[in-house]
Amino acid sequence: MRHSRRTAFASVVGLGLATALGVLPATSASAAPNGTSASYAAYESSQENANANRAFFEAVQRSVAEQRAANPGLMAVTVTYNTRNAPSFRSQISRSTQIWNSSVSNVKLQEVSSGGNFAYYEGNDSRGSYASTDGHGRGYIFLDYAQNQQYNSTRVTAHETGHVLGLPDHYSGPCSELMSGGGPGTSCQNTQPNSAERSRVNQLWANGLVASGMGTKG
């Protein structure tokens, strides 16, 4: 799900088909995997992806430290979002929010009418859905119409939201991993993060630094 080249705080990650769209406040991105199992595996093992993973986690670390420094006694961080630019996907976004809020305890998602830490957008792009985010609750999620018809739409939305919460792609993972994204194919209907993914998000939002696994697959 990732095809990204990052600036200091920005990343572009998707469901295996995405890169940034110029019409939105996105960073530049490299070519995405073409949607086959071989292309997912090749990209995941590439130096580009390794570098992207490292930059991703470093951005997460900085952002978590900022959150905790501003609110040292905070037990749970609230990340706000708006759906004004994705009216067709409000039900999927709502389900995705419920999934994540019931799965983790150190961060909560909350909808606002405007503004927020990140926003959802919808539209057409041959490269699919993606998240453009610093890896920790800032940025936006783009939801592609065609991809959301081909794949389980709630899985797509929950997966992209997982990027905002700090999780990288893991194309080679099984369907039981939410962050395996498009890797398991269109038949995969799982919309829930597994125990490792839930634990990682709680770790990221509970501590100023990622405890371990810098640059590892998530």
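**Group meeting: strands, core and aromatic pairs**

Let me start in the sheet. S2 and S3 run parallel, joined by five bridges. One position to look at is valine 79, which stands opposite leucine 109 in S3. Between these two strands the chain passes through H3, and the β-α-β crossover is right-handed. Please keep in mind that this is a predicted model.

Now the overall layout. The protein chain has six helices and six strands. Along the sequence, the pattern reads β-α-α-β-α-β-β-β-β-α-α-α. Of the 218 residues in the chain, 55% are buried. Take the contacts with a separation of 6 or more: 65% of them link residues 24 or more positions apart. The accessible surface of the chain is about 8,500 Å². Carbon and sulfur atoms own 50% of that surface.

Back to the strands, and to S4 this time. S4 also runs parallel to S2, through three bridges. Here asparagine 82 stands opposite alanine 119 in S4. What does S4 pair with over six bridges? That is S6, again in the parallel sense. Two positions show the register. Phenylalanine 118 stands opposite glycine 139 in S6. Alanine 119 has tyrosine 140 as its bridge partner in S6. So alanine 119 is a useful residue to click on. Asparagine 82 faces alanine 119 in the S2 pairing, and tyrosine 140 is the partner of alanine 119 in S6.

How covered are these strands? S4 is mostly covered, with five of its six residues buried. S6 is mostly covered as well, and there too five of six residues are buried.

Next, the core. In soluble globular proteins, nonpolar side chains tend to be buried together. In this model, the largest nonpolar core has 26 residues. Which residues have the most contacts inside this core? They are Trp100, Phe118, Tyr120, Val201 and Trp205. Several elements give two or more residues to the core. On the strand side these are S2, S3 (107-111), S4 and S6 (139-144). On the helix side they are H3 (90-103), H5 (153-164) and H6 (195-206).

Aromatics now. There are seven aromatic pairs in the structure. Let me take one of them, tyrosine 81 with phenylalanine 118. Why is this pair classed as tilted? The ring centres are 5.7 Å apart and the planes meet at 35°, so the pair is tilted. Tyrosine 81 sits in S2 (residues 77-85) and phenylalanine 118 in S4 (residues 118-123), so the pair ties together parts that are 37 residues apart in sequence. Both rings belong to covered residues. Tyrosine 81 is buried, at 4% relative accessibility. Phenylalanine 118 is buried too, at 1%. Recall that Phe118 is also among the residues with the most contacts in the largest core.

There is also a cluster. Tyr121, Tyr130, Tyr140 and Phe142 form one aromatic cluster. Tyr140 is the residue we met a moment ago, as the bridge partner of alanine 119.

Three more residues before I stop.

Glycine 166 first. Where does glycine 166 lie? In the loop between H5 and H6. Glycine 166 is buried, with a relative accessible area of 0%. The C-alpha atom of glycine 166 is 8.7 Å from that of tryptophan 205, although the two are 39 residues apart along the chain. And Trp205 is on the list of residues with the most core contacts.

Asparagine 202 next. This residue lies in helix H6. Buried or partly exposed? At 18% relative accessible area, under the 20% limit, asparagine 202 is buried. Leaving aside residues up to four places away in sequence, asparagine 202 touches Ser103, Val104, Ser105 and Asn106.

Last, serine 94, in helix H3. Serine 94 counts as partly exposed, at 32% relative accessibility. Glutamate 111 is 17 residues away from serine 94 along the chain, and their C-alpha atoms are separated by 8.8 Å.

To wrap up, go back to phenylalanine 118 on the screen. Phenylalanine 118 stands opposite glycine 139 in S6. The ring of phenylalanine 118 makes a tilted pair with tyrosine 81. That is the tour; over to the group.

Notes: Residues numbered from 1 in each chain as written. Predicted model: local features only at pLDDT ≥ 70, side-chain atom pairs only at ≥ 80, totals over all residues. Heavy atoms only, no water. Phe/Tyr/Trp six-rings, centres within 6.5 Å; stacked < 30°, edge-to-face > 60°. Helix = DSSP H or I, 4+ residues; strand = E, 2+ residues; numbered from the N terminus. Buried < 20%, exposed > 50% of the residue type's maximum accessible area, 1.4 Å probe, protein only. Core = buried A, V, L, I, M, F, W, Y, C linked by side-chain atoms within 4.5 Å. Pairing = 2+ DSSP bridges. Right-handed = clockwise from strand over helix to strand, strands pointing away. Contact = heavy atoms within 4.5 Å. Areas by Shrake-Rupley, 256 points an atom, 1.4 Å probe, with all protein chains shown as cover.
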